[in-house]
Amino acid sequence: MNFERSISAFARAKNVIAGGVNSSVRAFKAVGGTPIFMKSGSGAMISDIDGHEFIDYVLSWGPLILGHAHPAVVRSISAAAARGSSFGTPTEAESELAELICAMVPSVERVRFTSSGTEATRRAVRLARGYTRRDKIVKFAGCYHGAADPFLISAGSSALTLGVPNSPGVPKSVAADTIVIPYNNAQALENAFAEYGSQIACVIVEPCVGNMGLVLPHEGYLARLREISTRYKTVLIFDEVLSGFRVARGGMQERTGVVPDLTTLGKVIGGGLPVGAFGGRAEIMGYLTPDGPVFHAGTLSGNPLAMAAGIATLKIVRDDATLYERLEVLTKLLTDGLHEIFDKHDVPHQTAYAGSTFGYFFAAEPVSDLESAMKSDVGLYAKYFHAMLDRGIYLAPSQFEAGFVSSAHTTRDIERTLAAADSALSEIRAAV
Ligand code: KE4
């Protein structure tokens, strides 16, 4: 495929935008080559500025559960825009979206909107610290909660450790309050609480990890998090920015029955516009200003256009009784098909899916945490990514991301994708 317009667009972007992108993963550093500049999307398809069309499994990193440019979402945004883009006052649209979230997410009695998932996770952690009057937080190596200081902490070895910054600019003083432990490791969890329990304000976890690639919790692991958090009076935060309305209508907390104290949301609830949210028990949320002492504010929090996109999306999610069943059937068809094709080509692999999100590692052993995820063959992933791109399939430009299916994807799209995967691996194996 010829990407000459994207190549010149990237050169232009780098003259005025640091790194040529406004979010690092878009730069294709993990897979090589030039990032593709897109110009439009419709349903499951996305089109670039060189005139190529792709079946899209990134879907803007998860928000577009109904696919690109869904007519109801477009109509809702357009109508809202005609009434003005922002007022800086309360609007009834905020209450309408909040009511939809409270009705579908088990843990959420009260919610507060933000303009990104990062803002939501940051505010949830501040709220947990204010509510418990404790400073330390527990996160899990490989889980991503946005580009905020308290979360950009790498674990030391695989054991319990006080984090050290893995991005310049994160003060050691911030890292000192972040305890990083391996995911799916109950002993490490017990050790952390045995050592710091009375100081731990919250545990923040991706209940279904989408940021190592897709890594599912072991049976009983989330229940263990719930039990130990309750025991130590620590706030349990499910970061469902990615899994919310994605793995099930009510997220992982609906799928597993494990209910956190706070939940962070984003992506799907904005229908492709900038929305984040954090919510939970009314008692905890009551600690937020203006009623309580824990400060939260945001110029565009609850923005009317973003609310309109979210309302249109969540109304369809709410009313389409078979949506999640159809999404899971398609996602299983894709994942099972990839498993067969990787086997056919003798490619060591691990595949997984949950609702309409899926993942695979080119790894021989099961992946349950960051250490095992890092053993995957990222070089092979890069070759596979480009071979699929050449065949009209747009995948995440990194092994350590999840894939997404929308209600606009069809069985025919899945069949085309599997045929492309078979052809791509034949090409890659032949080149070895
Ligand atoms: P945003 O600030 O990017 O809206 O949300 C941060 C965030 C928080 N929590 C989870 C579980 C997330 O997955 C994310 C963001 N996800 C990444 C993709 N895995 C966004 C892609 C990007 O950074 O460009």
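How are helix 2 and helix 10 oriented relative to each other, roughly parallel or roughly antiparallel? In this predicted model, helix 2 (residues 71-82) and helix 10 (residues 304-319) pack at an angle of about 150°, with their axes 8 Å apart. Angles over 145 degrees count as roughly antiparallel, and helix 2 and helix 10 are therefore roughly antiparallel to each other. The crossing of helix 2 and helix 10, moreover, is right-handed.

On the side of helix 2, the contact is made by Ala72, Val73, Ser76, Ile77, Ala80 and Ala81, while helix 10 contributes Pro304, Leu305, Ala308, Ala309, Ala312, Thr313 and Ile316. When the residues of this contact are sorted by class, 11 are nonpolar and 2 are polar, and none is charged.

A second feature of the model is a pocket, the second largest, which holds about 540 Å³ of space. Its lining consists of 25 residues, and those closest to the centre of the pocket are Pro90, Glu94, Arg112, Ser301 and Gly302. Helix 3 (92-104) and strand 4 (110-114) each supply at least two residues of this lining, and helix 3 gives the most, with 5 residues.

The table sets out the lining of the second largest pocket by class.

| Class | Lining of the second largest pocket |
|---|---|
| Nonpolar | 10 residues |
| Polar | 12 residues |
| Charged | 3 residues |

The lining of the second largest pocket thus includes 3 charged residues, whereas the contact of helix 2 with helix 10 has no charged residues.

Note on methods
Residues are numbered from 1 along each chain as its sequence is written. This is a predicted model: local features need pLDDT of at least 70, side-chain atom pairs count only at pLDDT 80 or more; totals for chains, interfaces and linings use all residues. Side-chain values use heavy atoms; hydrogens and water are left out. Axes are lines fitted to C-alpha atoms, for helices over the stretch in contact, and angles run from 0 to 180 degrees between N-to-C directions. Helices (H or I, at least four residues) and strands (E, at least two) are DSSP runs, numbered from the N terminus. Angles under 35 degrees count as roughly parallel, over 145 as roughly antiparallel, 65 to 115 as roughly perpendicular and the rest as oblique. A crossing is left-handed if the near helix is turned anticlockwise from the far one by less than a right angle, and right-handed if clockwise. Contact means heavy atoms within 4.5 Å. Ala, Val, Leu, Ile, Met, Phe, Trp, Tyr, Cys and Pro count as nonpolar, Asp, Glu, Lys and Arg as charged, and the others, Gly among them, as polar. On a 1 Å grid over the protein atoms alone, a cavity is a set of points where a 1.4 Å probe fits but cannot get out, and a pocket is an open set with protein on both sides within 12 Å along at least five of seven lines; lining residues have an atom within 4 Å of a point. Grid points are joined across faces, edges and corners, and a volume is the space filled by probe spheres set on the points.
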